[in-house]
Structure formats: C-alpha cells, structure tokens
Amino acid sequence: MGEKSFQLFPEVASSIAGQVDALYAYLVLVSAFFSLLIAFLVVFFAIKYRKRGNEVPEPMDEHSIGGMVLEIVWSVIPLGLSMVMFAWGASIFFTESRPPADSMEIFVTGKQWMWKVQHNEGAREINELHVPVNRDIRLTLTSEDVIHDFYVPAFRTKTDVLPGRYTTEWFRPTKVGQYHIFCAEYCGTKHSGMIGTVYVMNEADYNAWLGAGSGEGSMAEQGQALFNQLGCGTCHASEINKQNGRCPNLNGLFGTTVDLKDGSKVKMDETYIRESVLYPQAKIVAGYDDIMPTFKGLVTEDGLLKLVEYVKSLGPKNGTQTSATPAAMQTSASQPKAGTPARTAPQAGTVPGNR
Ligand code: CUA
C-alpha cells in the first residue's frame, strides 16, 4: 500500500468485494436519483402551483383514470427497485455466511484489546493475520471478554465476535498485500486501538512463513497434550472405561449427529465440544451418566480451540465443513479422506524450529 492517500473506498482485495461494491453503487444511484428528483419536484410544483391572486383552483376528479395510473406507477416502480435491493443483498449475505467446504481454517480470539490468531499448524500471531492468496479462508472466532467485531474493509466482510460462542467469517483474498483489520464493535477504552494487519502472501511465501512457526506443534498436537494434562484421557481415551461404557469414545465422532439422553439429537461440532467441556451436564449422550466435571475456568478460549482441533483430528466424518487436519493443510488441495485416522503428526519439515 505504501502511501496513505485518501481513499473514498477501501481496496478491492477479496472475491466478494466487487459484488458488495456493485450493490453499494446501485443503492447510491437509486438514492441519488430519487433525492434529486424529489428536490426538483418540490421546487417545480411550488412555483407551478403557487397562489395567484384570488383564483380558485379546479376541484380534482377523484375517480380519474390518470390518478389511478399514477398511483400504481409510483407504487410498483419503487417496489421493484427495493425488491432488487432485497434479493441482491440477500444473495450476497448468503454467500458471505456460508464458507466453502474446503476452506482453510484459522482461529481468532478477540480480547480487550487485541486479536490473537492461531493457525492449525501451530503458528500464532497477535494483531496480524497471514494468509495465502487465492485460497478460501474460514475464520472461527470467539471472544474472551466482551463483544468485538472482526472487520477487514478490503475484503468487505465483518462478523461479530462473541464471548461464549463461535462465529465464522470467510473470504478469498485475491491480491497480495497488506490490509487493515479493525474492531467494529465498541468494546471499551482502547476499542479504536484494537486494530491489526492482514498479510496476503503468495502460496510459497505463506508456507515459508508457516515453516518459521511457533515450534509448539500443530493445534491438534497441542490439544492432545492439553487433553492429557487435564485428565480427559483417563476417561475418554481409556480402554477400560470404553468397555464399561462410562465415557463416549471420541474417535470418528466429529461431524456426526449424536443421540442425547433426553431423546433429542445434536451435531457434534465445535460448539457442542466447547459446551461439553464447559457445561458437561447440558447435553448428555444417550446411554451415559452425568459424571463429567466441568472444566470451566480451567481452560482458556485458546485451550478450548486446541481441544476442539484435537477431537476433530480423531476423525472428521465425510461431508462436514471442515478442515484441515494438519497434514491436509500443507498439500493445499488434499482433503482428509473420511475415516482416515488423521491423528498422525504433521509432516516433518513443516513443523518448525523456533521463530
Ligand atoms: Cu474490540 Cu472494539
């Protein structure tokens, strides 16, 4: 970007930015056209129908066809114009709210007042987000405290970042460069300083950048360590407990639909895993007892994301909108095959020495 000249519009740097701008242009043109038309008619009629002497105007014929036609015309045309706004806007909204199935996944945690970013392969960054160009990127976002909002004007996308919940935002960067990140929800004293930069890099640069990662292993590996450290393994990974059926076996569960004790069903997704760690009694799997203690206060949001990644790595079922076992990320195109135990360590060479 370099020189900071005044820009009326932010750069166009994602696949959807052009569509958003086109819709915006349409809104501006329609508004400008009617504003000018109305202003002109106000003046024109004021002059044309001004009071002249003592002349009494002709009474209007209420049943005239001309009046009826006029009313229909000025109802139907604005209806058409506004339905175009509705349909067009809705279609962009649907596109923006549905990440493509093979998106690359990155985790973002907002807190007063910074953005913490965690890549699947283990790399971490603060107030910076490195992404490869021309790839669909799906962010999973949550907050440690209050409501924030992750906004990248050049991509024309933003999403609320809520405490206690995962939200998603996706984009496909189309231009190598650096772009602003803003927090777009007032979140306290330093809200205006909750900013950062997206670095869109070509694939090779991105892989090199990843290779210089944190040296802490992939998210799934870190999640596994945490899983053992918190003692989750003593039940969920113990052969004895699996046999007496005290704890659900987590292998291959992610993305499936789980039957609950109360007869309802729930999809085993990020949100359900998170809830089950913090509020284990909320949705108990059919056939099991309410014996799990809560881990609320013992795991950070970062830790939860790692646990989620670990459970995901135990076997995503086909067809779910995820991700990205560590191995799959490297070889850009390849997706984990259903049923493949994706628990393997990420390929040597990509897990990094020190930064
Ligand atoms: Cu975070 Cu405003």
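**Surface patch, cores and salt bridges of the predicted model**

A nonpolar patch of about 570 Å² lies on the surface, made by Phe-33, Leu-37, Ile-38, Val-42, Val-43 and Ile-47. The model described here is predicted. Phe-33, one of the patch residues, sits in helix H1, which covers residues 17-48. Phe-33 counts as exposed because its relative accessibility is 52%, and exposed means over 50%.

The chain as a whole was examined next. Its secondary structure comprises nine helices and 12 strands. Of its 355 residues, 39% are buried. The chain exposes about 19600 Å², and carbon and sulfur atoms supply 61% of that area. Contacts between residues at least 6 apart in sequence were also considered: 67% of them join residues at least 24 apart.

The largest nonpolar core holds 30 residues. Within this core, Leu-129, Leu-139, Phe-150, Phe-155 and Val-198 touch the most other members. Several elements give two or more residues to the core. Among them are strand E1 (104-111), strand E2 (114-119), E4, strand E5 (137-143) and strand E6 (148-152). Strand E9 (177-183), strand E10 (196-201) and helix H3 (203-211) also belong to that list. A second, separate core has 28 residues, including Phe-254, Met-268, Val-285 and Val-299.

Phe-155, a member of the largest core, was followed through its contacts. Residues up to four places away in sequence were not counted. Phe-155 then touches Ala-13, Ser-14 and Ile-16. It also touches Phe-171, Pro-173, Tyr-179, Val-198 and Val-200. Val-198 is itself listed with Phe-155 among the core residues that touch the most other members.

His-130 lies in strand E4, residues 128-132. Its relative accessible area is 7%, so His-130 is buried; the cut-off for buried is under 20%. Two polar contacts involve its side chain. One joins the side chains of His-130 and Glu-125 at 2.6 Å. The other, at 3.5 Å, joins the side chains of His-130 and Trp-209. Both Glu-125 and Trp-209 appear in the wider contact list of His-130, which leaves aside neighbours within four places in sequence. That list also holds Ile-106, His-119, Tyr-199, Met-201 and Tyr-206.

Salt bridges number 13 across the whole structure. Glu-270 takes part in a bridge with Arg-138, at 3.7 Å from N to O. This pair links distant parts of the chain. Glu-270 is in helix H7 (residues 270-278) and Arg-138 is in strand E5, 132 residues apart. Both residues of the Glu-270 and Arg-138 pair are buried.

Glu-270 also meets Lys-312 in a salt bridge, at 3.1 Å from N to O. Here helix H7 is linked to helix H8 (residues 301-313), which contains Lys-312. Glu-270 and Lys-312 are 42 residues apart, and both are buried. A network of salt bridges links Glu-105, Arg-138, Glu-270, Glu-309 and Lys-312.

A further bridge joins Lys-283 and Glu-275, with the closest N and O atoms 2.9 Å apart. Lys-283 is partly exposed because its relative accessible area is 31%. Glu-275 has a relative accessible area of 22%, so Glu-275 is partly exposed too. The pair thus contrasts with Glu-270 and Lys-312, which are both buried.

Terms used: Residues are numbered from 1 along each chain as its sequence is written. This is a predicted model: local features need pLDDT of at least 70, side-chain atom pairs count only at pLDDT 80 or more; totals for chains, interfaces and linings use all residues. Side-chain values use heavy atoms; hydrogens and water are left out. Patches are made of residues with over 30% relative accessible area and no salt bridge: like charges are joined within 9 Å, nonpolar side chains (Val, Leu, Ile, Met, Phe, Trp, Tyr) within 5 Å. Accessible areas come from the Shrake-Rupley method with a 1.4 Å probe; for residues, only the protein chains shown count as cover. A salt bridge is a side-chain nitrogen of Lys or Arg within 4 Å of a carboxyl oxygen of Asp or Glu. Helices (H or I, at least four residues) and strands (E, at least two) are DSSP runs, numbered from the N terminus. Buried means under 20% relative accessible area, exposed over 50%, partly exposed in between (1.4 Å probe, protein chains only). A polar contact is a pair of N or O atoms within 3.5 Å; within protein, one must be able to donate a hydrogen and the other to accept it, and residues adjacent in sequence count only if both atoms are side-chain atoms. Contact means heavy atoms within 4.5 Å. A nonpolar core is a set of buried Ala, Val, Leu, Ile, Met, Phe, Trp, Tyr and Cys residues joined through side-chain atoms within 4.5 Å.
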